[in-house]
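Welcome to a short set of worked exercises on reading a protein model. Try each task yourself, then follow the solution step by step.

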Amino acid sequence: MRVPSITRSHRRAAGGHVSRAAWLGMLVTAGTLAGAQEEGPPAASAGSGTAAATDFPVTVYWGDTHVHTAISGDAFFAGTRLGLDDAYRFARGEEVTTSSGQRARLRRALDFVVLADHGNNAGAAFSRDAWERDPAFRSTELGRLWAEAFAELAADPEIDAEALRTGPLLPTHRLNQIAVRHAGFRRSVWELITAAADRYNAPGRFTTFIGYEWTPLLGAVHRVVVFRDDAERANAIVPLTSHDTVHAEALWDYLARYEARTGGAAITIPHNGNLTFGLMFSLADSWGRPLTPERMETRARFEPVVEVTQYKGDSETHPWLSPDDAFADFETWNGWGGREASPDKPPEQVTYEYARSALKLGLRQRARKGVNPFRFGMIGSTDSHTGLASAAEDDFWGQSGRSEPGPDRMFRERSSGWQASAAGLAAVWAHENTRASIFDALRRREVFATTGPRIVLRFFGGWSFDPTDAAGPDFAETGYREGVPMGGELAAAPGDAAPTFLVRALKDPEGANLDRVQIVKGWRAVDGVLRERVHDVAWSGARVPDEDGRLPDVGSTVDIARARYSNTIGAADLATAWRDPDFRAEEDAFYYVRVLEIPTPRWTAYDVARFGVEDVPEHVPMVTRERAYSSPIWYTPAPRE
């Protein structure tokens, strides 16, 4: 039986009304915001018909670019049995039976999804299992090819034959490495993946992208590869995997050849910088050589967005890197791989793991070498290994089949346990719900991340916004006409002007009220030092910053024992026009928005209330501060004469 949603039955939503004017002022329809139909795929978004009337996107679409199914070996051996069809059906709002036999259905369907199974062992685990348990499988084409692949692997003197027969067929970044190298088997599995994506793709209603995960060594940078194209074009190749190469540069070169050969397009999305031991945003290439301008341009081209929040923690920033940021310590994973450090002496590698720090490093690289390799937008996704794209605290289905809801899941071995984060979502401002439109929005970085809630966020930079623009009925039209949207760039300052930023955030209509809106600025000072500052620019209630500029906390309504909260504090929407008071025209800078909700119960609190869990250690968090991150807007000074 499906675990019930505690939020639906126990949360008291007092206040929190979003006015019609606020929604119309943003010129936004929020994809499948109201949820899917009872039967079949979700209806077309209400705003899709109006997009042609404007030259800018009026709809935000919600998706997950990082879902694993039983095709991924690590997911299969962690108990996941959901395949491609189940994962697509769940994402578009249908009910499915989970790997642990429970019933699951999203309250609100997604608009788009990428099933990103590991390319380096795709299909191996379930094929071996099917070969052993299902005689009918042996007569299929895939079964025949698996037998050939098995024989090929078993003949390799570097592979433990016993591990091949009985051990876990994990991705090659694990011990007992078993990579699938048989060309016929690889192509057969790839064509299953591409065919399923085309079969479920429904332009205007539900978009499915062809993709996979490129997974090198543990601790290195893992990337989701996303294609703009259909199966006919994507089948011109088979995925380049980490068995073929562990060098990201070779992956990008491979995709460049794919584009030249087919006329198609692809991007890569790195994730979990927080777990890469300083490699995610390293200033060296994968051979350890200093980055060249050519390689930096290649990275910027193929890597327009970064997955900044997911179930293995948050990678926006770290309290070691941002000690003056009161909200930096969010879903932080410090102990991965045994790494520990004290706040007064963080390991140097952390500098190259988090998005905010990387954005600053990019400014330095532009000043030194003329190219910024870290001009990326920010999205969230789940990295679910259950086949279930779920990111809600009260409806979190865990990391893998082993961590689906149950009274002891936060303490189970061989899973992330309580440390797992119920996150995240990718929000995309696009003209329509199609592969081409959403892919192009990702490439131009007009996207934002949330940790699960459907907070709607608009962010523009310009030189002449004023407070009346923030309150006006033509908010978005003004933003596009007089400035650039998130992901864009402001050119050299006109005269003595300082940049102004137009921002509006609307609460998730089924979620918590908003606490505050912040603009995070990073810049390279004239002395070459990289700096950052977090500005509170809009907030709920009548709070007044203290003499040091610190805004009092919004408070909390969370009842941990019953996993409840109420919207008696906070605001339904927040908007402002903000001018940078410290702007210097000769300094490179970036700006992005962070939106914070009021405190709400974490998934661990919902589990305690749902299952009656006792003796929970004090260090297990029960309250969270959900949030959204916009993509940055960059300011680039005029070249010096």
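**Exercise 1. Find out how strand β1 (residues 59–67) sits in the structure, and which strands pair with it.**

Step 1. Nine of the nine residues of β1 are buried, so this strand is largely enclosed by the rest of the structure. Here buried means under 20% relative accessible area, exposed means over 50%, and partly exposed lies in between (1.4 Å probe, protein chains only). Strands (E, at least two residues) and helices (H or I, at least four residues) are DSSP runs, numbered from the N terminus.

Step 2. Look for partners: β1 runs antiparallel to strand β12 (residues 425–430), and five bridges join them. Two strands pair if DSSP finds at least two bridges between them. One bridge to look up is that of Gly63, whose partner in β12 is Ala426.

Step 3. β1 also pairs with β4, in the parallel sense and over three bridges. Here Asp64 has Val113 in β4 as its bridge partner.

A word on the source: this is a predicted model, in which local features need pLDDT of at least 70 and side-chain atom pairs count only at pLDDT 80 or more, while totals for chains, interfaces and linings use all residues. Residues are numbered from 1 along each chain as its sequence is written, and side-chain values use heavy atoms, with hydrogens and water left out.

**Exercise 2. Describe the chain as a whole: how many helices and strands are there, and what share of residues is buried?**

Step 1. The chain holds 16 helices and 25 strands.

Step 2. Of its 641 residues, 61% are buried.

Step 3. Now take contacts (heavy atoms within 4.5 Å). Among those between residues at least 6 apart in sequence, 76% join residues at least 24 apart.

**Exercise 3. Work out where the buried residues of helix α4 (residues 84–91) lie, and what they pack against.**

Step 1. List them: Leu84, Ala87, Tyr88, Phe90 and Ala91 are buried.

Step 2. Why do they sit on the same side of α4? They cover an arc of only 165 degrees around the axis, which puts them on the same side of the helix. The arc is that of the directions from the helix axis to the C-beta atoms.

Step 3. These buried residues pack against β2 (96–97), β3 (103–104), β4 (112–115), α8 and β5 (207–209).

Step 4. Just after α4, look at Gly93, which takes a positive phi of about 105 degrees.

**Exercise 4. Describe how helix α6 (residues 141–154) meets helix α8 (residues 183–200).**

Step 1. The two axes come within 8 Å and cross at roughly 145 degrees. Axes are lines fitted to C-alpha atoms, for helices over the stretch in contact, and angles run from 0 to 180 degrees between N-to-C directions.

Step 2. From α6 come Leu142, Leu145, Trp146 and Ala149, which meet Gly184, Phe185, Ser188, Val189 and Leu192 of α8.

Step 3. Sorted by type, the residues of this contact are seven nonpolar, two polar and no charged. Ala, Val, Leu, Ile, Met, Phe, Trp, Tyr, Cys and Pro count as nonpolar, Asp, Glu, Lys and Arg as charged, and the others, Gly among them, as polar.

**Exercise 5. Put the strands β14, β15, β17 and β20 in their order in the sheet, and find its edges.**

Step 1. The four strands form an open sheet in the order β15-β14-β17-β20, with antiparallel pairing.

Step 2. β15 (483–485) and β20 (573–579) stand at the edges with a single partner strand each, so one side of each is left without a neighbour in the sheet.

Step 3. From one strand to the next, the twist averages 15 degrees.

Step 4. Seven bridges join β17 (residues 500–506) to β20, and Leu502 stands opposite Ala577 in β20.

Step 5. Helix α15 (residues 475–482) packs on this sheet, where it touches β14 (456–462), β15 and β17.

**Exercise 6. Compare Asp515 and Glu614: which is buried and which is exposed?**

Step 1. Asp515, in strand β18 (residues 514–524), is buried, with a relative accessible area of 0%.

Step 2. Beyond its neighbours within four places in sequence, Asp515 has contacts including Trp539, Arg543 and Arg625.

Step 3. Glu614 lies in the loop between α16 (603–611) and β23 (623–624) and is exposed, with a relative accessible area of 63%.
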